[in-house]
Amino acid sequence: MTAILSIDDLTVDIGRPLVKGVSLELHPGRIQGLAGESGSGKTLTSLAVLGLLPRQARTGGSIRLGDTEILGKRRRELNRIRGRRIAMVFQDPSSALHPQLTVGHQLTDHMRTHLGLNRADARARAVEMLERVAVPGASDALGRYPHQFSGGQRQRISIAIALACDPDVLLADEPTTALDVTVQAGILQLLRELATERELAVLLVTHDLGVMSAVADEVAVMRDGRIVEAADRATLFASPQHDYTRGLLAALPGSRIEPEARTDAETRTEGDDA
Ligand SMILES: Nc1ncnc2c1ncn2[C@@H]1O[C@H](COP(=O)(O)OP(=O)(O)OP(=O)(O)O)[C@@H](O)[C@H]1O
């Protein structure tokens with residue numbers, strides 16, 4: 001399978017080495033998880049892909065989008081790629097959305113800039129996107145402001161904006177961490193469906209292996225700037241190789257691991273509870 005995004009031996013140094021030779025591949029329709037404790041270098045890795053590292057950061061290695069090297073590109077060149085071919089969703093949907101602009105304004109601006117759509121076509125596509133991410137009353141929602149929506153709906157709107165220009169790659173950094181547990185599952189399910197139906201390659205960054213077990217196809221675990229373990233989801237959860245990964249798994253309440261990744265006994269217990 002050809003990778004749409006290849007990170008090869010990435011290093012990031014900001015006064016000291018913080019990312020120390022990370023390699024990862026993202027494939028269309030697949031969700032690649034990047035797990036690890038706070039401070040392990042997950043966010044710096046995704047910021048490197050977006051070209052949003054602090055100016056003083058020194059980088060090494062390679063990040064290729066298709067055949068194009070994007071690591072070290074000028075910000076102006078990256079602006080064309082960011083939002084159009086690589087989109088992002090962050091932890092806090094409120095900070096990703098402008099509080100004083102309507103949802104419609106934010107969705108259509110983005111499409112008019114990147115896709116060159118006229119006002120009517122952009123509006124029609126905006127309604128379609130909001131319907132797809134299941135924001136209720138999509139047409140009316142265009143005229144409303146972010147604060148008029150719940151946290152979960154705001155994250156759905158951020159996802160609609162991120163995907164409006166049909167990117168190849170979506171970087172989702174802790175996309176459900178700020179949300180109630182009851183809302184998290186719906187957002188993760190949505191990401192899963194969108195990855196599959198839009199052939200979207202997703203990098204899902206989270207410290208939460210429960211979230212990871214719900215949707216990731218492959219999981220890489222980072223510690224202190226390095227990937228210490230990488231495997232498909234079932235393998236990683238069934239037989240973690242590294243002590244660090246075992247530790248992370250042990251710290252999880254059993255109920256947070258998705259049934260597929262559990263032992264038979266655990267799955268039966270869950271069935272009994274239901
Ligand atoms: N601008 C910066 N200058 C110096 N050090 C930084 C900077 N940004 C991050 N770091 C350091 O780099 C390391 C990795 O940070 P990073 O944000 O990538 O971790 P993370 O795994 O995403 O954790 P979290 O989940 O807390 O964001 C941390 O030790 C952090 O303190």
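**Ligand shell and helix packing in a predicted model**

Helix α1 (residues 42-50) gives the most to the shell around the ligand, contributing three residues; helices here are DSSP runs of H or I of at least four residues, and strands are runs of E of at least two, numbered from the N terminus. The model is predicted, so that local features need pLDDT of at least 70 and side-chain atom pairs count only at pLDDT 80 or more, whereas totals for chains, interfaces and linings use all residues. Residues are numbered from 1 along each chain as its sequence is written.

The ligand is surrounded by Ile-14, Leu-18, Gly-36, Ser-38, Gly-39, Ser-40, Gly-41, Lys-42, Thr-43, Leu-44, Pro-54 and His-207, a residue being near if its C-beta atom, placed from the backbone, lies within 6 Å. Four residues of this shell are nonpolar, seven polar and one charged, with Ala, Val, Leu, Ile, Met, Phe, Trp, Tyr, Cys and Pro taken as nonpolar, Asp, Glu, Lys and Arg as charged, and the others, Gly among them, as polar.

Helices α4 (residues 103-115) and α5 (residues 119-132) pack at an angle of about 120 degrees, their axes lying 9 Å apart. Axes are lines fitted to C-alpha atoms over the stretch in contact, and angles run from 0 to 180 degrees between N-to-C directions. On the side of α4 the contact is made by Gly-104, Leu-107, Thr-108, Met-111 and Arg-112, and on the side of α5 by Arg-119, Ala-122, Arg-123, Arg-125, Ala-126 and Met-129; residues are in contact if their C-beta atoms, placed from the backbone, lie within 7 Å. Five residues of this contact are nonpolar, two polar and four charged.

Methods: Two residues are in contact if their C-beta atoms, placed from the backbone, lie within 7 Å.
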